[in-house]
Amino acid sequence: MTRPGLPKLIATDLDGTLVRSDDTVSAYTHGVLDRVRAAGIPVVGATGRGPRLKELTRNDIRAADFLVMAGGGCVVDQSDPAGPVVLRDERLSGELLARLLADLEAEVGPLTVMVEASDEHDAPLWGDYHPSWPYQDRFEERSRAECLSCDVIKAFVRTADHHVDELLAIARRVVPAEVATVTQAGLGFVEICPPGVDKATGLTVVAQRLGVDPADVLVFGDMPNDLPMFGWAGWARVAVANAHPQVRAAADEITLRNDDDGVAVYLDRLLSR
């Protein structure tokens, strides 16, 4: 339930929540986030995007003091005048991932697999080509052996025969939580992340850095990978109107769609009341 006054920290998902369907963020949204920051409330961008997309992410949420990226596996403090400081950088071993993929394929059949291995600027994903992947300009076809030859930030998997939510439910049964975290972010793929990595544990790093209690944090989201931070934050959990049904059900409030600047409208009203 929404608490009185103002939160001490605000975190928002980006794609599908803050960012509109045409991949833009409105001038109105940027302006409202600037007002939030001017009011002394730190802003966090909490996204599934990997660190290879830091520049794109910084452009989409310019007011952010911190970035929680890779679904919580990478946390960056942008507030230091000397330059960004990486506070968290988690990886999943290729050897362990190979075993998890084998276990999952034994249950569901052949998987389309991509991995995010590099944090270099605009580095491509590696793996199996699939026409549904929306970012083909940042993809490089590589063999499974090549993809599993190093530690990865996360892996993306799908099958031809399972809806992503169905595959996620199976993956959660097959993959022990202490071995890896599985989720989905609305791209049609299940994401396999290092153990203990989600947006809640990423935001915990930020909150501890700032001395903020989770009870004083306001969060916005739209997809199942936002649910951990919805369970963690206590000031309010707000879903955009276009959110996944599970996220809408977990929310304290529903704001307008991402295409209608729902996050900014909510925050504008919050600052004006």
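Helices (H or I, at least four residues) and strands (E, at least two) are DSSP runs, numbered from the N terminus. The model is predicted: local features need pLDDT of at least 70, side-chain atom pairs count only at pLDDT 80 or more, and totals for chains, interfaces and linings use all residues. Residues are numbered from 1 along each chain as its sequence is written, and side-chain values use heavy atoms, without hydrogens and water.

**Exercise 1.** Describe the second largest pocket and its lining.

*Solution.*
Step 1. On a 1 Å grid over the protein atoms alone, a pocket is an open set of points where a 1.4 Å probe fits, with protein on both sides within 12 Å along at least five of seven lines; lining residues have an atom within 4 Å of a point.
Step 2. The lining has 15 residues, and those nearest the centre are Thr 181, Val 182, Thr 183, Asp 198 and Pro 228.
Step 3. Two or more lining residues come from each of strand 10 (181-184), strand 11 (190-193) and helix 7 (227-232).
Step 4. Strand 10 gives the largest share, three residues.

**Exercise 2.** Where does the largest pocket lie with respect to domain 1 and domain 2?

*Solution.*
Step 1. The space in the largest pocket is about 680 Å³, a volume being the space filled by probe spheres set on grid points joined across faces, edges and corners.
Step 2. Its lining counts 31 residues, with Asp 15, Gly 16, Arg 49, Tyr 135 and Leu 187 closest to the centre.
Step 3. Both domain 1 (9-89 + 197-272) and domain 2 (92-193) contribute to this lining, so the largest pocket lies between them. The domain bounds come from an automatic or database assignment.
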